[in-house]
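Dear colleague,

Please find the structure below, handed over for your records. My notes on helix packing and on the nonpolar cores follow.

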Amino acid sequence: MLKKVFEPIKIGNLQLKNRLVVPPMVTNYCNTDGTVTERYIAYHEARAKGGWGLIITEATAVDERGKGFHNMAGLWSDDQMESHSRLTERVHQHGGKIAVQLYHAGRQTGSHITGVQPVAPSPIKDPTMNETPRELTKEEIKEIIEKFGDAALRAKKAGYDAVEIHGGHGYLINQFLSPFSNKRTDEYGGTLMNRVRFAVEIIENVRKKVGKHFPILFRISTVEFVEGGLTIEDTKVIARMLEQAGADAIHCSTGVYKTMMYVIQPAAVPHGFSVSFAAEIKKVVSIPVIAVGRINDPLIAESVLLSDKADLISMGRAALADPELPNKAKEGKLDEILPCIGCVQGCIGRLLKGLDICCLVNPSTGKEKEFAVEPAKEKKKVFVAGGGIAGMQSAIIAAKRGHEVHLYEKGDKLGGQWLLAAVPPSKTELNTLTIWLKAQLDKLGVHVHLKTELNENIIENENPDAVIIATGAKPFVPNISGVNLPEVVLAQDVLAGKKDVGQSVVVVGGGLVGAETAAHLANHGKKVVIIEMQKEIVKDGEPAVKYFLLKDLQEHNVEIITSATVKEIKQGSITFEKDHVMKEIRDVDNVVIAVGSKPENTLADKLQGKVEKLITVGDALKVRKALEAMEEGYRAGLAV
């Protein structure tokens with residue numbers, strides 16, 4: 001099933017052992033001076049050990065004034081080369097090949113990061129940024145071209161096997177390429193050939209400085225998905241010019257900051273959604289083409305290659321989820337690959353807040369040293385209360401360390417609230433994590449006790465050395481008149497299939513659970529209204545996830561009422577107040593309550609002083625996202 005992905009391939013004269021690529025992903029692990037840290041090195045070293053054919057490091061600034069993030073890598077100075085040399089040496093020790101991506105943010109940054117006004121081909125503000133950039137002079141354009149070449153030479157001297165020039169995602173080179181951002185009328189704007197000139201001169205400058213045999217990759221947004229932006233037909237012409245200028249491979253991505261949901265795609269976007277664009281580029285160039293975009297399974301990667309739509313496959317977030325993916329795939333251990341679920345919580349979700357990245361399904365991402373699982377010095381008996389994802393994660397790590405682990409779940413299946421989260425449209429992929437966790441429990445010999453609630457009697461009889469409480473949360477029921485009527489049901493019961501609803505439904509609560517429950521019902525033909533107290537629904541949701549969720553609600557004609565307070569529920573109607581006016585919705589079959597959850601944890605108090613070590617994790621401690629639950633479960637497994 002997996003032959004093509006493990007065929008060797010050359011980019012220029014660079015021989016790669018397989019066709020699986022870790023694409024550039026900004027981590028925010030570096031120092032503010034652009035030097036790389038031990039954390040950054042360990043992160044890439046883990047992926048080199050994992051067997052990837054090529055690792056391309058994150059966007060690395062060629063100019064200090066072109067940074068887009070505070071803690072990102074740079075190669076604008078010779079002083080930064082020593083730290084980069086340590087990185088390449090460590091990767092090479094494990095037989096890995098590594099390229100560095102060179103970039104300038106252009107208008108997609110701010111003076112709070114660079115200390116100066118951003119620059120761009122034209123003085124037009126990016127829709128997602130707060131500052132209007134200054135238009136570059138032709139002299140400044142020439143200076144930046146030289147800086148790309150200088151940075152590439154530093155990369156070669158630091159031991160990188162290739163460089164990738166970042167001409168996509170709305171950064172400076174992309175800004176020149178695209179009529180969306182380039183309004184110049186000199187030789188760097190206007191016509192397609194003029195707009196490509198900046199990219200071509202950068203490739204030529206890099207080639208002149210690194211020599212004719214050093215590989216140069218070029219990343220491009222094949223389609224920007226913005227009004228007046230690049231189309232695939234534009235990009236096919238551009239790709240041919242890039243090849244003629246000396247590029248050795250084209251790395252095909254999509255989107256800009258305004259359409260970030262198509263740069264880092266959530267689970268609502270189909271697998272391999274942008275492969276067709278890479279296939280179009282492959283038709284017009286003779287150099288290797290790299291495809292990317294929601295390819296998180298090696299079987300999908302194989303089929304794309306067999307279809308001759310690309311020559312290599314980038315699997316970015318799959319590499320965050322499981323750095324060992326290539327090794328496991330080669331050994332036929334597909335069921336052991338820890339899957340990316342497209343949640344975007346730990347990767348782009350954190351990066352857009354200026355934080356360092358992590359991964360929901362793999363808490364050791366970016367913490368490779370801190371979260372190393374070592375055998376315990378003393379084997380202990382560890383009990384875990386609750387079989388949700390936090391509890392299962394705790395049990396897995398504790399078992400990996402050699403402890404005897406018993407997991408108690410009062411329900412008849414493992415997964416907890418996570419099972420319900422996987423029910424709404426486009427969320428089914430969450431089940432892949434549940435399957436992986438269950439398989440690990442079985443592989444590690446964890447004693448799973450279903451339909452058994454951990455209690456004081458069990459603790460007293462079995463006398464465990466440590467107890468991890470991961471009992472999760474229970475729905476909060478608001479004090480609304482009529483909330484106890486039989487036609488009023490909980491969102492969790494609807495998603496679990498415990499309660500059926502009629503044709504006309506009102507969902508009280510527009511958080512993620514309420515909105516996704518509404519989408520689930522609307523997709524099944526129900527007429528749905530959401531009533532939310534705040535000014536917007538899914539207020540704290542991940543932007544990309546929210547974008548597609550709102551799109552789904554709109555397409556299914558879900559009515560959304562915000563800044564409203566429910567006052568009374570009656571049989572067949574619901575009354576709410578909005579703008580100091582009382583309003584009523586009639587002919588309502590069911591009201592679904594989705595106003596949040598509260599921790600379910602009565603066991604911790606009962607066990608205080610009765611066990612040597614007691615740890616509470618996940619929603620049992622405080623209701624938050626799955627990202628925190630998984631990391632706390634991991635930490636608990638290390639702590640016992």
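**Helix packing and cores**

In this predicted model, helix H1 (residues 38-49) packs against helix H2 (residues 81-93) at an angle of about 20°, their axes lying 9 Å apart. H1 is therefore roughly parallel to H2 (angles under 35 degrees count as roughly parallel, over 145 as roughly antiparallel, 65 to 115 as roughly perpendicular and the rest as oblique). To this contact (heavy atoms within 4.5 Å), H1 contributes Glu38, Tyr40, Ile41, Ala42, His44, Glu45 and Ala48, and H2 contributes Ser83, Arg86, Leu87, Arg90 and Val91. By class, 6 of these residues are nonpolar, 2 polar and 4 charged.

Helix H7 (residues 232-245) and helix H8 (residues 275-282) pack at about 40°, with axes 9 Å apart, and are therefore oblique to each other. Ile232, Thr235, Lys236 and Ala239 of H7 meet Phe277, Glu280 and Ile281 of H8.

The largest nonpolar core (buried Ala, Val, Leu, Ile, Met, Phe, Trp, Tyr and Cys residues joined through side-chain atoms within 4.5 Å; buried means under 20% relative accessible area, with a 1.4 Å probe and protein chains only) has 147 residues, of which Phe198, Phe218, Leu360 and Leu433 touch the most other members. A second, separate core of 20 residues includes Val489, Val505, Ala515 and Val592.

Residues are numbered from 1 along each chain as its sequence is written. Local features need pLDDT of at least 70, side-chain atom pairs count only at pLDDT 80 or more, and totals for chains, interfaces and linings use all residues, while side-chain values use heavy atoms, leaving out hydrogens and water.

With kind regards

Note on methods:
Buried < 20%, exposed > 50% of the residue type's maximum accessible area, 1.4 Å probe, protein only. Axes fitted to C-alpha atoms, helices over the stretch in contact; angles between N-to-C directions. Helix = DSSP H or I, 4+ residues; strand = E, 2+ residues; numbered from the N terminus. Nonpolar A, V, L, I, M, F, W, Y, C, P; charged D, E, K, R; others polar.
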